[in-house]
Amino acid sequence: MLSNFLKKIQVIGIIFLLILVIDVSSIKGDNDNSIDVILDVSTSSQLNGGWVEERDGVTIIHLNGSHYQMGFQLGTLLKKDYLSSRRAWLSILPLTYDEMVDLWYNVSDLIPQQYKDEIQGRADALDLTFEETAIMDVIGIAFHGNLNCCGLAAWGPSTEDYKLYHFRSCDGLLDIIDPVTGKYASDDQLLIVRNPDEGYSSVVIGLSIEVGAEGGFNEHGIGIGYSSVKTSDVTSNGIPCGIRKRMLLEQASTLDQAVDIYSSSSTMGWNQIISDAKIPKAVVIEQSANYNRVCNWNDSFENNYPSWIMDHIIRRGNFFLDPVSAGFEEDIYEKSRFIRYILYCMGFDTEYYYFSRIMHYKVMSKAIEDKWGIEAFDGFAFTEGFSGGHECPEHNGMHFPNENAIMEIIPNKELEKEEKDPSYIPEAVLFSEAEKGMTGEMVITDFKEALPMIRYRVRDSIKIVTTGECSCGEE
Ligand SMILES: [Zn+2]
């Protein structure tokens, strides 16, 4: 029962992008809605119109003006996050710094000037050189094929209200750490609202280090989201797809324009789901260096393994379906990934791990609750395999039922002793014996499956909200 419950939560979690697509009308910069301005930006004229806010744990940066100004605003307002994220990604790069600079100069002539201006703005604000900043805009090339994202768009008869819903799962790498601060690069996730002087406004969901590369949607209801495909048909002689996505969001007001802009250049294997909420309709562009195929939901090859045609639904994982593009694929990708995801949602595949970070984004849970008339619940899990905490209808913390694991807490005063003397072994207290209000570190003992964990320290800080029975009736 609990596992079904957790699955339900995760399924709820992944729908966030759709909700945003519906709300395209509200993205033009309106500081009136700003809840919590965390930086005073009045000190520099270059920062006019740029600000950062945080809503329910989601960082949202608003960029306004020329591309140089937008770059300068991001570099200034997110300097710490950007530099930390940059160090983290560079630490695992499969290429040397010089090779990355070469990559940039291979494609530099093709890149429209305004995006170079934006990079220059960021560099000036970050006290980095142009090259040191520009290499982050070609980082996608270095990691090509290693990101396991997937996406889907549904519209018309396939949705209850006939509106178009477009979602994308960004299955990025979660274990990349800034060697200086120990901060996870995956914590650098934010919403970026772009209001360029020349071009349409857009919201992109992404990372500070590669603005817009993750896709998003614009004020005309044009959305884009990608998954990568390992293919042998590759060139570095094209506009990086992250920059093409920015071009598309800034210039396209129709689906045809969006397809044209994206198809105007190519580099390596990507599936791009491109949608237009106005018509509504979505297509997939399967693209590699020398081949470009616009796919519709009812093309016969949508029935090719591992896919099958679904009425007015288009979706992709890390594979091509058109026989020509599929012919270029390297055979190390896993075709079953998307099917496994579907099985996971239906409760048949318990091994699949999927995008749970989004659950921290209360603002999205709230939007989903409002739009769908359903109630969202938090769940607790961590990468090593345990998932055993769940929120109840009281929404006052999480339950950790005894049948899942033996739960303990190391009280803060024990942690302090350990900090003073690293050889000290801190004492843990069973949840059932902990005092109400106690804060400390979570410890788990769990003999589940092939990875038993014995007094495993999760490094998560927790607080015992209450002991005994909750008013929902559960312990
Ligand atoms: Zn309860």
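User: Is the crossing of α9 and α10 left-handed or right-handed?

Analyst: This is a predicted model, and in it the crossing of α9 and α10 is right-handed. Two packed helices are described by the angle between their axes and the distance between the axes. Here the axes of α9 (residues 241–251) and α10 (residues 255–263) come within 9 Å and cross at roughly 155 degrees. That makes α9 roughly antiparallel to α10, because an angle over 145 degrees counts as roughly antiparallel.

User: Which residues make the contact of α9 and α10?

Analyst: On the side of α9, the contact is made by Arg244, Met247, Leu248 and Gln251. On the side of α10, Gln257, Ala258, Ile261 and Tyr262 take part.

User: Which residues of α10 are buried, and what covers them?

Analyst: Burial is judged by counting neighbours: a residue is buried if 20 or more other C-beta atoms lie within 10 Å of its own. In α10, the buried residues are Leu255, Ala258, Ile261 and Tyr262. Seen down the axis of α10, these residues fall within an arc of 130 degrees, so they line one face of the helix. Their cover includes helix α9 together with strands β8, β9 and β10.

User: Which residues of α5 are buried, and which are exposed?

Analyst: Helix α5 spans residues 97–107, and its buried residues are Met100, Leu103, Trp104 and Val107. Viewed along the axis of α5, they lie within an arc of 95 degrees, so they too line one face of their helix. Asp98, Glu99 and Tyr105 are exposed on the other side of α5. The buried residues pack against two further helices, α7 (130–134) and α8 (139–142).

User: In what order do the nine strands of the open sheet stand?

Analyst: A sheet is read strand by strand, from one edge to the other. In this model the order is β1-β2-β5-β6-β7-β8-β9-β10-β11, and the pairing is mixed. The edge strands, β1 (51–55) and β11, each pair on one side only. From one strand to the next, the twist averages 20 degrees.

User: Which helix packs on the sheet and touches β1, β2 and β5?

Analyst: That helix is α3 (residues 67–77), whose direction makes about 150 degrees with that of β2 (58–65). Helix α9 lies across β5, β6, β7, β8 and β9, and runs at about 165 degrees to β8 (222–228).

User: In what sense do β6 and β7 pair?

Analyst: Strand β6 (residues 202–206) and strand β7 (residues 216–218) pair in the antiparallel sense, over three bridges. In one of these pairings, valine 204 has glycine 216 of β7 as its bridge partner.

User: Where do tyrosine 162 and histidine 312 lie?

Analyst: Tyrosine 162 lies in the loop between β3 (150–154) and β4 (165–169). Although tyrosine 162 is not a glycine, its phi is positive, about 65 degrees. Tyrosine 162 is exposed, with 11 other C-beta atoms within 10 Å. Histidine 312 is found in the loop between β11 (291–295) and β12 (313–316). Its phi is also positive, near 55 degrees. Histidine 312 is partly exposed, with 19 other C-beta atoms within 10 Å.

User: Which two residues are joined by a cis peptide bond?

Analyst: A peptide bond is read through its omega angle. The cis bond joins isoleucine 279 and proline 280, with omega about -10 degrees. Proline 280 lies in the loop between β9 (270–276) and β10 (281–288).

Definitions and conventions: Residues numbered from 1 in each chain as written. Predicted model: local features only at pLDDT ≥ 70, side-chain atom pairs only at ≥ 80, totals over all residues. Buried ≥ 20, exposed ≤ 12 C-beta atoms within 10 Å, placed from the backbone. Helix = DSSP H or I, 4+ residues; strand = E, 2+ residues; numbered from the N terminus. Arc of directions from axis to C-beta. Contact = placed C-beta atoms within 7 Å. Pairing = 2+ DSSP bridges. Axes fitted to C-alpha atoms, helices over the stretch in contact; angles between N-to-C directions. Parallel < 35°, antiparallel > 145°, perpendicular 65-115°, else oblique. Left-handed = near helix turned anticlockwise from the far one by under 90°.
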